[in-house]
Amino acid sequence: MWPNKYVLLACRLIVGAVFIWAGVSKIADPLSFAQNVKNYQLVGQTLSFLTAVFLPWVELIAGLWLIIGLYPKSSALLISCLLGFFIVLVAITMARGLNVDCGCFGTFSRQADWWLIAEDSLWLALSLVLLFSPANDFCLFKGKSSKA
Amino acid sequence: MGLKKILTDRETWTGLVSIIGLSIILGLASHPSLIKRFLAGEFKQAFILKEDFPELVFISLPEAEEAWSRQEAVFIDSRSQEQFDLGHVPGAISIPLEDLKNGREDLLTLIPEVPEIVIYCESGSCQDSTDLAKILEWRGFKNLKVFLGGWAEWQQNGLPVETNVAK
């Protein structure tokens, strides 16, 4: 029922690369990202700033570890939670009628809309496959949960 | 593998704690000066580095109010015409940034010759005021000041407002 090990490896590379790119593009310009967070009008100045300083690193490290296979289940769980949160956030933002830049990939960001929800849903689906699949081959750290 | 098994696995939590812990360390290490400036009270109104705009002067609400009271400064509202009509700083001129970017150069002729120009947008969350100020600076306007608190702060503090809505 589960995809073979090469498909799982491809999922890891794709989701990991997306998160590494998301993280790196924001680390370069934290104040712009802080403004993006603030524009969602859900948190204040302080939380926007803290999110901008720390969240990109969470994305980068989770993506990197997913690719190299260091705590892959933890990375997949964290990425799945983040994507679930992003989807809900964009949906709430659209429901409130706010027209904001998503802030997803630094200067390559675009509007938070249905396409973004669809894109995040795709990454979430791949991430959930990685989370619940019984095997994770090609991992640097093969803990007991990643054995076939 | 079930979610319960994943969540009860010690290895999962070790991984999560290590990712988050490392992120906190790297976040602190990568932007020490920004964090220091934030703790010192900067970025309370807007996430901009004032040194990126050396030609602009950023003013607070009391300074904006004082400039308005002296009637020596012209206030420029960079929001949309609709927002301006609903309420603006009394005497302000409407120069929507979007309209100017779309070629409405004639709007610049509305600016009179005054000792100083104060530009504002909705609040610290918008950058239209700094963007408009940069455009005006390129066009040769002098003594430009940006009121970062903007219309939101002006209104929230019960200062005089003017509307163009028919009563």
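1. Start at one serine in this predicted model. Ser129(B) touches Ser78(B), Ile119(B), Tyr120(B), Cys121(B) and Val146(B), leaving aside residues up to four places away in sequence. Ser129(B) is part of helix α7 of chain B, which covers residues 128-138. Its relative accessibility is 1%, so Ser129(B) counts as buried.

2. Two of those contacts lead into the strands of chain B. Ile119(B) and Val146(B) both touch Ser129(B). Ile119(B) also stands opposite Val146(B), which belongs to β5(B). The strands concerned are β4 (residues 116-120) and β5 of chain B, and they pair in the parallel sense over 3 bridges. The helix that holds Ser129(B) is α7 of chain B. Together, β4(B), α7(B) and β5(B) make a right-handed β-α-β unit.

3. Follow β5(B) to another partner. Strand β1 of chain B, residues 57-59, pairs with strand β5 of chain B, residues 144-147. The sense is parallel, and there are 3 bridges. Here Phe58(B) stands opposite Val146(B). Val146(B) thus has two facing residues to look at: Phe58(B) in this pairing, and Ile119(B) in the pairing with β4(B).

4. Now go from β4(B) to β2(B). These two strands pair in the parallel sense over 5 bridges. Ile76(B) stands opposite Ile119(B) of β4(B). β2(B) also runs parallel to strand β3 of chain B, residues 93-94, and 2 bridges join them. In that pairing, Ile76(B) has Ile93(B) as its bridge partner.

5. How many of the residues of β2(B) are buried? The count is 5 of the 5, so β2(B) is largely enclosed by the rest of the structure. In a regular strand, side chains alternate between the two faces of the sheet. Both faces of β2(B) are covered. Ala73(B), Phe75(B) and Asp77(B) are buried on one side, and Val74(B) and Ile76(B) are buried on the other. Note Asp77(B) in that list when you view the strand.

6. Check two backbone angles. Most residues other than glycine have a negative phi. Gln71(B) is not a glycine, yet its phi is positive, about 60 degrees. Gln71(B) sits in the loop between α4 (61-70) and β2 (73-77) of chain B. Its relative accessible area is 69%, so Gln71(B) is exposed. Tyr71(A) also has a positive phi, near 45 degrees. Tyr71(A) is placed in the loop between α3 (45-68) and α4 (72-95) of chain A. Is Tyr71(A) buried or exposed? Its relative accessibility is 16%, so Tyr71(A) counts as buried.

7. Turn to the cysteines of chain A. A disulfide is a covalent bond between the sulfur atoms of two cysteines. The structure holds 1 disulfide over all chains. Cys102(A) and Cys104(A) form a disulfide, with their sulfur atoms 1.9 Å apart. The torsion about their S-S bond is about -140 degrees, so the disulfide is left-handed. Cys102(A) counts as buried because its relative accessibility is 7%. Cys104(A) is buried too, with a relative accessible area of 16%.

8. Two further cysteines deserve a look. Cys11(A) counts as buried, at 8% relative accessibility. Cys81(A) is in no disulfide; the nearest cysteine sulfur is that of Cys11(A), 18 Å away. Cys81(A) has a relative accessibility of 48%, so Cys81(A) counts as partly exposed.

9. Finish with the largest pocket. Its volume is about 1,200 Å³. The lining of this pocket has 47 residues. Which residues lie nearest its centre? They are Gln35(A), Asn39(A), Ser125(B), Cys126(B) and Gln127(B), so named from both chain A and chain B. Two or more lining residues come from each of α1 (5-27) and α2 (30-39) of chain A, and from each of α5 (81-86), α6 (97-101) and α7 of chain B. The largest share, 8 residues, comes from α2(A). Helix α7(B) is therefore worth viewing twice, because it holds the buried Ser129(B) and also gives residues to this lining.

Conventions: Residues are numbered from 1 along each chain as its sequence is written. Chains are lettered from A and ligands numbered from 1 in the order in which they are written. This is a predicted model: local features need pLDDT of at least 70, side-chain atom pairs count only at pLDDT 80 or more; totals for chains, interfaces and linings use all residues. Side-chain values use heavy atoms; hydrogens and water are left out. Helices (H or I, at least four residues) and strands (E, at least two) are DSSP runs, numbered from the N terminus. Buried means under 20% relative accessible area, exposed over 50%, partly exposed in between (1.4 Å probe, protein chains only). Contact means heavy atoms within 4.5 Å. A disulfide is a pair of cysteine sulfur atoms within 2.5 Å. Two strands pair if DSSP finds at least two bridges between them. A crossover is right-handed if, with the strands pointing away from the viewer, the path from the first strand over the helix to the second runs clockwise. On a 1 Å grid over the protein atoms alone, a cavity is a set of points where a 1.4 Å probe fits but cannot get out, and a pocket is an open set with protein on both sides within 12 Å along at least five of seven lines; lining residues have an atom within 4 Å of a point. Grid points are joined across faces, edges and corners, and a volume is the space filled by probe spheres set on the points.
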